[in-house]
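Below are some notes for a colleague who is meeting this structure for the first time. Please read them with the sequence and the model side by side.

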Amino acid sequence: MSALEINGLTKTYANGKTALNNVTLTVPQGSFFALLGPNGAGKSTLINMLADIVRSTSGEVKFFGRNLFAEREECKRRMGVVPQEIAFDPFFTPREVLRFTSGLFGCKPDEAWIDELLERLELTQHQAKNTRQLSGGMRRRLLVAQALVHRPELVILDEPTAGVDVELRKRLWTFMRELNEKGITILLTTHYLDEAEELCDHVAIIDQGNLLTARPMQEMMSDIASSHLWLNYGREIQLTADDQQALAGFEPRGHDDGVCLKLGQLEGGKTTFHDAYQAAVGRFGPPIDAGVRSEDLEDVFLRLTAKQSKDQER
């Protein structure tokens, strides 16, 4: 069973702006799923529809097999959401926030679980303070505890580490991994693409309301991510029309220290490294140094969203 099956989800506002355009994707149960996109791409609109804050124009969502929009109350009990906006009663303590939130979901406060959440999110020593006395990073961590206090099956993390320092971020992700290993499905939005690549086993990228790709992370990096041969000549290479033609099969790019050539895949897992190297030597002579660099998730993200922007301009 899938945690989420999103089919044809669209949101068009009264002013005619389409924030989400016919998005269809599946979030497998038990996955750690990255939802990525530039600012204004439609990520928050999608999350707000899942959280019952924004109503869709069309489309449907199945939540563990149930119709999310027809059975909102039941589905919301099984979902935890960490929003971007921080909003607490300023006179509640963290423990009171978690007790109150448990009641909102129809649960009797589980003091042992609340203790564990406060401990794991490093709020125990601050549990007697009013939330107005907490720093921004502490309140961000309290949002995470609040989303987990009723033990949901799906947790949606919308930029959960904004304002959280590096060491605390690492410990938070360790906790999230542990929860995921216990079967909790996690849907994450973040601008820290290195973290998404390390943590997540599935990824979807949206831009300007359109879904660009949605697939397992390893499969996407294998199929979409490119490798490039970087040749260092110790000088800037200005590619002539003849250079471009001779190296056309490698999509050449000049840079400050030399030239970069895109490598293709051959049968047996080999690349066109040898052919690319020889072609470069034939044009520019032997390089001072050469190396291969594979694209990471950030490179793929920037390439896909740049292509989307160019397509929209046409």
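How far is the sulfur of cysteine 75 from the closest cysteine sulfur, and in which cysteine is that sulfur found?

1. The model is a predicted one, and the question of the cysteines is a useful place to begin. The sulfur of cysteine 75 has its closest cysteine sulfur in cysteine 107, at 15 Å, which is too far for a bond. Since a disulfide calls for cysteine sulfur atoms within 2.5 Å, it fits that a search of the whole structure finds zero disulfides. Cysteine 107 is likewise in no disulfide, the nearest cysteine sulfur being that of cysteine 75. The surroundings of these residues can also be set down: cysteine 75 counts as buried, with a relative accessibility of 0%, whereas cysteine 107 is partly exposed, with a relative accessible area of 29%.

2. As for the whole, the protein has eleven helices and 14 strands. Along the principal axes, its C-alpha atoms fill a box of roughly 75 × 45 × 40 Å. Of the 314 residues in the protein, 47% are buried. Among contacts with a separation of 6 or more, 69% are accounted for by residues 24 or more positions apart.

3. Turning to helix packing, it helps to recall that two packed helices are described by the angle between their axes and the distance between the axes. Helix α3, residues 94-104, and helix α4, residues 111-120, have axes that come within 11 Å and cross at roughly 135 degrees, and α3 and α4 are therefore oblique to each other. The crossing in which α3 passes α4 is right-handed. On the α3 side the contact is made by Pro94, Arg95, Leu98 and Arg99, and on the α4 side by Glu111, Ile114, Asp115 and Leu118. Sorted by class, the contact of α3 with α4 has four nonpolar and four charged residues, with no polar ones.

4. Helix α3 also packs against α5, and here the axes come within 9 Å and cross at roughly 30 degrees, which makes α3 roughly parallel to α5. This crossing, in which α3 passes α5, is right-handed. The residues that make the contact are Pro94, Val97, Leu98 and Thr101 of α3, together with Leu142, Ala145 and Gln146 of α5. By class, the contact of α3 with α5 has five nonpolar and two polar residues, and no charged ones.

5. Helix α5 has a further partner in helix α6, residues 166-181: the two pack at an angle of about 10 degrees, with their axes 12 Å apart, and α5 and α6 are therefore roughly parallel to each other. In this contact Arg141, Val144 and Leu148 in α5 meet Leu168, Leu172, Phe175, Met176 and Leu179 in α6. The residues of the contact of α5 with α6 divide into seven nonpolar and one charged, with no polar residue.

6. Two backbone values deserve a look when the model is inspected. Phenylalanine 64 is not a glycine, yet it has a positive phi of about 50 degrees. Phenylalanine 64 is found in the loop between β4 (58-63) and β5 (66-67), and at 6% relative accessibility it counts as buried. Glutamate 159, also a residue other than glycine, has a positive phi near 55 degrees. Glutamate 159 lies in the loop between β7 (154-158) and α6, and with a relative accessibility of 11% it counts as buried.

7. Finally, there are pairs of residues that are separated in sequence and can be located in space. Serine 135 lies in the loop between α4 and α5 (136-148) and counts as partly exposed, at 36% relative accessibility. Its C-alpha atom is separated by 9.5 Å from that of glycine 163, which is 28 residues apart from serine 135 along the chain. Asparagine 232 is found in strand β11, residues 227-232, and is partly exposed, with a relative accessible area of 28%. Asparagine 232 and cysteine 260 are 28 residues apart in sequence, with a C-alpha to C-alpha distance of 8.8 Å. Residues up to four places away in sequence not being counted, asparagine 232 touches Asp257, Pro287, Ile288 and Asp289.

Notes. Residues numbered from 1 in each chain as written. Predicted model: local features only at pLDDT ≥ 70, side-chain atom pairs only at ≥ 80, totals over all residues. Heavy atoms only, no water. Axes fitted to C-alpha atoms, helices over the stretch in contact; angles between N-to-C directions. Helix = DSSP H or I, 4+ residues; strand = E, 2+ residues; numbered from the N terminus. Parallel < 35°, antiparallel > 145°, perpendicular 65-115°, else oblique. Left-handed = near helix turned anticlockwise from the far one by under 90°. Contact = heavy atoms within 4.5 Å. Nonpolar A, V, L, I, M, F, W, Y, C, P; charged D, E, K, R; others polar. Buried < 20%, exposed > 50% of the residue type's maximum accessible area, 1.4 Å probe, protein only.
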